[in-house]
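Here are a few exercises to help you find your way around a new structure. Keep the sequence and the 3D view open, try each task, then read the solution.

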Amino acid sequence: MAQKAMLTLIGRQRDQAGEESVTESRAKADYYEKDGASYILYEEMPDDSADVVKTIIKYRDNLLEMTKRGLVRSRMIFQAGQAHRTDYVTPYGTLPLEVATRTAEFTRGDSQAEIRLEYTLTSGGQFLSDCSLHLSLRFL
């Protein structure tokens, strides 16, 4: 049975010029565990669209998989010390990405769960950005 939760996401990106941008968003989420894996499901609406993007986060055995469906589509895999390729599909085109993960941590307590990711994005061998993502889930 899914637990209702409030999800806070804080993302930081540092580009080639060293410019840092920070994004923060909140969403209602569902959390459940199945077959040794933890799942977080939530929906978000990009700023310039009325279309919903559904996101599923699955964490198991130090591997985090983030799948987005809707206006934006992707399946990104975060595994510390590993690089994984993906296609990031938007209405403006498809961007082939490589995600090289430095840190993928998941902790869960009675009233909350947290995920911390640190990774580098490249495309076609070109550096795009150093990123971090902090997801904080507070159970309701």
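**Exercise 1: A charged pair**

Task: Find the kind of contact that joins the side chains of glutamate 24 and arginine 26, and decide how exposed each partner is.

Solution: Bear in mind that you're looking at a predicted model. Start with the side chains: glutamate 24 and arginine 26 meet in a salt bridge, with 3.1 Å from N to O. That fits the cut-off, since a salt bridge needs a side-chain nitrogen of Lys or Arg within 4 Å of a carboxyl oxygen of Asp or Glu. Next, check exposure. Glutamate 24 has 48% relative accessibility, so it counts as partly exposed. Arginine 26 has 57% and therefore counts as exposed. A search of the whole structure turns up 12 salt bridges.

**Exercise 2: Bridges across the sequence**

Task: Work out which strands are linked by the salt bridge of arginine 108 and glutamate 33, and by that of aspartate 130 and arginine 102.

Solution: Take arginine 108 first. Its side chain meets that of glutamate 33 in a salt bridge of 3.2 Å, N to O. Arginine 108 sits in strand β8 (residues 93-108) and glutamate 33 in strand β2 (residues 20-34), so this pair links distant parts of the chain, 75 residues apart. At 36% relative accessibility, arginine 108 is partly exposed.

Now the other bridge: the closest N and O atoms of aspartate 130 and arginine 102 are 3.5 Å apart. Aspartate 130 belongs to strand β10 (residues 126-139) and arginine 102 to strand β8, so the bridge ties together parts 28 residues apart in sequence. Aspartate 130 is partly exposed at 31%, and arginine 102 is partly exposed at 43%. There's also a network to spot: salt bridges with shared partners join Arg12, Arg14 and Glu20.

**Exercise 3: Rings that pair**

Task: The structure holds four aromatic pairs. Take two of them and classify the geometry of each.

Solution: Begin with tyrosine 59 and phenylalanine 106. Their centres are 4.9 Å apart and their planes differ by 20°, which makes the pair stacked. Tyrosine 59 is in strand β4 (residues 53-60) and phenylalanine 106 is in strand β8, so the pair ties together parts 47 residues apart. Both tyrosine 59 and phenylalanine 106 are buried.

Then look at phenylalanine 78 and tyrosine 119. Here the centres are 4.9 Å apart but the planes are at 65°, so this pair is edge-to-face. The rings come from strand β6 (residues 74-79) and strand β9 (residues 112-123), so parts 41 residues apart in sequence are tied together. Phenylalanine 78 is buried, with a relative accessible area of 1%, and tyrosine 119 is buried too, with 9%.

**Exercise 4: Core and overall build**

Task: Which residues have the most contacts inside the largest nonpolar core, and how many helices and strands does the chain have?

Solution: The largest nonpolar core has 28 residues, and Ile40 and Leu137 have the most contacts inside it. Leucine 137 touches, among others, Met6, Leu7, Tyr31 and Ile40. Nonpolar side chains tend to be buried together in soluble globular proteins.

Finally, zoom out. The protein chain has zero helices and 10 strands. Its radius of gyration is 15 Å, close to the 14 Å that the globule rule gives for 140 residues, so the chain is as compact as a globular protein of that length. Of those 140 residues, 37% are buried.

Key
Residues numbered from 1 in each chain as written. Predicted model: local features only at pLDDT ≥ 70, side-chain atom pairs only at ≥ 80, totals over all residues. Heavy atoms only, no water. Core = buried A, V, L, I, M, F, W, Y, C linked by side-chain atoms within 4.5 Å. Buried < 20%, exposed > 50% of the residue type's maximum accessible area, 1.4 Å probe, protein only. Contact = heavy atoms within 4.5 Å. Helix = DSSP H or I, 4+ residues; strand = E, 2+ residues; numbered from the N terminus. Phe/Tyr/Trp six-rings, centres within 6.5 Å; stacked < 30°, edge-to-face > 60°. Rg over C-alpha atoms; globule rule 2.2 N^0.38 Å. Lists of a residue's contacts leave out its neighbours within four places in sequence.
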